[in-house]
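This briefing goes through a sheet, the helices that pack on it, a buried residue and a pocket, in that order.

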Amino acid sequence: MPFKAAHGIFIALVLAATSIVRPAAAEPVQIVGFGDSLMAGYQLPIEDAFPAQLEKALRAKGLDVSIANAGISGDTTSGGLARVDWSVPDGTKGVILELGANDALRGIPPEETEQNLEKMVSSLKTRGIGVLLVGMLAPPNMGEDYGKRFNGIYAQVAGKHDVPLYPFFLDGVATHADHQLDDGMHPNAKGVAVMVDKMLPTAETFVKSLGVTD
């Protein structure tokens with residue numbers, strides 16, 4: 001066999017062997033942030049929205065995740081229930097479920113909100129997708145009775161379906177004007193950073209429960 005041919009075969013065999021033993025690059029674990037304008041990042045650049053800031057914070061912890069933004073401004077739990085199947089694609093490992101604020105603003109019966117949340121959690125779990133449920137509090141102007149009925153639904157859903165709960169999405173923002181947009185309702189980029197910082201331990205635990213290691 002001519003030297004050039006033999007040399008070519010040798011190189012080909014080395015390359016083939018190398019490709020066999022080299023592990024394929026792992027794909028980031030896919031997570032979806034599913035919610036309303038608070039998740040979508042109302043009036044903010046996409047890189048300042050909650051999913052992007054949380055993804056960056058988790059990656060800084062060594063967790064290889066990709067968090068898609070499936071927030072829609074104005075969405076209610078009934079709207080979320082109608083779109084959850086197609087907004088959360090196959091291959092998703094976990095969903096951060098944040099809905100209900102607009103239900104409270106519209107005075108929707110808390111019992112209806114609770115039922116919608118339950119159906120979404122059940123649907124996702126049936127698909128083998130982990131859920132981190134994010135709670136909200138009713139605005140004070142809705143009255144004491146409504147607040148009592150609404151504020152407890154997240155813990156009830158989380159307990160019934162055995163999913164982790166982060167009690168209040170706007171913790172650290174709701175009473176701080178410097179963390180809000182001029183509307184006094186939505187977080188600015190600084191406010192989102194506060195929300196991420198406060199939720200990070202819970203989110204990190206949730207991500208690790210999906211099999212992601214640092």
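In this predicted model, valine 134 stands opposite tyrosine 166 in strand 5. Valine 134 thus offers a starting point for the description of the sheet, which is followed by a helical residue and then by the largest pocket.

**Sheet**
- Strand 4, residues 130-134, runs parallel to strand 5, and 2 bridges join the two.
- The open sheet to which they belong has 5 strands in the order 2-1-3-4-5, with parallel pairing.
- Strand 2 (65-71) and strand 5 (165-166) are the edge strands, each of which pairs on one side only.

**Helices on the sheet**
- Helix 4 (residues 77-87) packs on the sheet, where it touches strand 1 (29-35) and strand 2, and its direction makes about 160° with that of strand 1.
- Helix 8 (residues 153-161) lies across strand 4 and strand 5, and runs at about 160° to strand 4.

**Glutamate 204**
- Glutamate 204 belongs to helix 9, which covers residues 189-209.
- Because its relative accessible area is 16%, under the 20% cut-off, glutamate 204 counts as buried.
- When neighbours within four places in sequence are left aside, glutamate 204 is in contact with Leu58, Lys61 and Leu63.

**Largest pocket**
- The largest pocket holds about 400 Å³ of space, and 20 residues line it, with Met136, Leu137, Pro139, Leu170 and Met185 lying nearest its centre.
- Helix 2 (37-40) and helix 5 (101-105) are the elements that give two or more residues to this lining, and helix 5 gives the most, with 4 residues.
- By class, the lining comprises 13 nonpolar, 6 polar and 1 charged residues.

Terms used
Residues numbered from 1 in each chain as written. Predicted model: local features only at pLDDT ≥ 70, side-chain atom pairs only at ≥ 80, totals over all residues. Heavy atoms only, no water. Pairing = 2+ DSSP bridges. Contact = heavy atoms within 4.5 Å. Axes fitted to C-alpha atoms, helices over the stretch in contact; angles between N-to-C directions. Buried < 20%, exposed > 50% of the residue type's maximum accessible area, 1.4 Å probe, protein only. 1 Å grid on protein atoms, 1.4 Å probe; cavity = no way out; pocket = protein on both sides within 12 Å on 5 of 7 lines; lining within 4 Å. Points joined across faces, edges and corners; volume = space filled by probe spheres on them. Nonpolar A, V, L, I, M, F, W, Y, C, P; charged D, E, K, R; others polar.
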